[in-house]
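Visitor: Got a minute to walk me through this one? I'd like to start with a helix and work outwards.

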Amino acid sequence: MKKILLVDTSPRKNGNSEVIVDTIASDLQECEVIVFKMREHICNPCLACAACQEKDTQMCVQKDDLTANLAAINEADAIVIATPVYNQQMSAQAKMFIDRTYPFFNAEKTGKTNTSKPGKKAAFVCSCWAGDKDVYEKYAVWTAEALWQIGATNTRGYVFEMIPNCGDILKNEIHMEKVHELAQWLAE
Ligand SMILES: Cc1cc2nc3c(=O)[nH]c(=O)nc-3n(C[C@H](O)[C@H](O)[C@H](O)COP(=O)(O)O)c2cc1C
């Protein structure tokens, strides 16, 4: 059974990012899905102590829910990070999540990752207000590609634009169709 990790990095409950991860989760009944909503957990920024670089163990000295989630990242066949666009970039929570994957970095290993499950699929999914989605699309695609540290080699970036308010994405059929397509791709 495929293991899928879905991460909602919006501080907004019932936000568009939450609709995206919940929709994907309900589409993936045949998979083992973990939904990690950062606002519901204790999550701290990377301390840059580099203790994780001393041993090849995927360990982190912090005792919070992001450390507890490292095993789920390692074992996942696919990961989705859903974020609101804030000031032309990802949320602080999304960046925190990605920075805390430093324990997977190992320059001496193939692909510079020590994950025991390389070849993951990963999608970086942005929700935003603006209509000028070309810039954000490049950003989303590039950020997904940059997830090689956790072993992501098959990546996609998505931008869902013109959805400023909570749940606006539900009123946009084209966006919702793309969310379902994303779920299908994850399950393949
Ligand atoms: C602090 C803040 C900054 C934002 N900056 C941008 C921005 O730069 N570009 C944009 O298109 N939308 C921006 N937005 C709008 C959000 O991206 C939009 O409301 C999005 O749907 C939020 O996703 P969520 O519902 O998952 O929280 C901003 C919203 C907030 C609260």
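Visitor: Which residues are buried in α1?
Guide: In α1, the buried ones are N16, S17, E18, V19, I20, V21 and I24. Keep in mind that this is a predicted model.

Visitor: And what covers the buried residues of α1?
Guide: The cover includes the strands β1 (3-8), β2, β3 (78-84), β4 (120-127) and β5, and also helix α6.

Visitor: How far does α1 reach from its first C-alpha to its last?
Guide: It reaches 16 Å with its 12 residues, close to the 16 Å expected at 1.5 Å a residue.

Visitor: Let's take D27. Where does it lie?
Guide: D27 lies in α1, which covers residues 16-27. D27 counts as partly exposed because it has 18 other C-beta atoms within 10 Å, and 20 or more would be needed for buried.

Visitor: What does D27 touch, leaving out residues up to four places away in sequence?
Guide: That would be H180 and A183.

Visitor: How far apart in space are D27 and A51?
Guide: They're 39 Å apart, C-alpha to C-alpha, with their positions 24 residues apart in sequence.

Visitor: What about T23, where's that?
Guide: T23 is in helix α1 too. T23 has 18 C-beta neighbours inside 10 Å, so it counts as partly exposed. From T23 to M176 the C-alpha distance is 8.7 Å, and those two are 153 residues apart in sequence.

Visitor: OK, zooming out. How many helices and strands are there in the protein?
Guide: Six helices and five strands. Along the sequence, the pattern is β-α-β-α-α-β-α-β-α-β-α.

Visitor: How does the radius of gyration of the protein compare with that of a compact globule?
Guide: The protein has 16 Å, and a compact globule of 188 residues would be near 16 Å, so the two agree. The C-alpha atoms fill a box of roughly 50 × 35 × 30 Å along the principal axes.

Visitor: What share of the 188 residues is buried?
Guide: Buried residues make up 40%.

Visitor: And among contacts between residues at least 6 apart in sequence, what percentage join residues at least 24 apart?
Guide: That comes to 72%.

Visitor: Now the core. Which residues have the most contacts inside the largest nonpolar core?
Guide: I79 and V80, in a core of 49 residues. I79 touches L5, I73, K120, A122, I150 and A152, not counting residues up to four places away in sequence.

Visitor: There's a ligand as well. Which residues come nearest to it?
Guide: G15, S17, P84, C128 and A130 do, out of 17 residues around the ligand. S17 is also one of the buried residues of α1.

Visitor: What classes of residue make up the shell around the ligand?
Guide: Nine nonpolar, seven polar and one charged.

Visitor: Over to K3. Where is it found?
Guide: K3 is in strand β1. It has 17 C-beta neighbours inside 10 Å, so it counts as partly exposed.

Visitor: What is K3 in contact with, leaving aside neighbours within four places in sequence?
Guide: E32, E75, A76 and D77. The C-alpha atoms of K3 and I73 are separated by 9.5 Å, and these two are 70 residues apart along the chain.

Visitor: Let's try P118. Where does that one lie?
Guide: P118 lies in the loop between α4 (92-99) and β4. With 15 C-beta neighbours inside 10 Å, P118 is partly exposed. P118 touches G111, T113, G151 and T153, again leaving out residues up to four places away in sequence.

Visitor: Last topic, backbone angles. What is the phi of A50?
Guide: About 65 degrees, a positive value although A50 is not a glycine. A50 sits in the loop between β2 (32-37) and α2 (65-68).

Visitor: Is A50 buried or exposed?
Guide: A50 is exposed, because only 12 or fewer C-beta atoms within 10 Å are allowed for that and it has 10 others.

Visitor: And what about phi of M162?
Guide: Phi of M162 is near 60 degrees, also positive in a residue other than glycine. M162 lies in the loop between β5 (152-160) and α6 (173-187). It has 14 C-beta neighbours inside 10 Å, so M162 counts as partly exposed.

Methods:
Residues numbered from 1 in each chain as written. Predicted model: local features only at pLDDT ≥ 70, side-chain atom pairs only at ≥ 80, totals over all residues. Near = placed C-beta within 6 Å. Nonpolar A, V, L, I, M, F, W, Y, C, P; charged D, E, K, R; others polar. Core = buried A, V, L, I, M, F, W, Y, C linked by C-beta atoms within 7 Å. Contact = placed C-beta atoms within 7 Å. Helix = DSSP H or I, 4+ residues; strand = E, 2+ residues; numbered from the N terminus. Rg over C-alpha atoms; globule rule 2.2 N^0.38 Å. Expected span 1.5 Å × (residues − 1).
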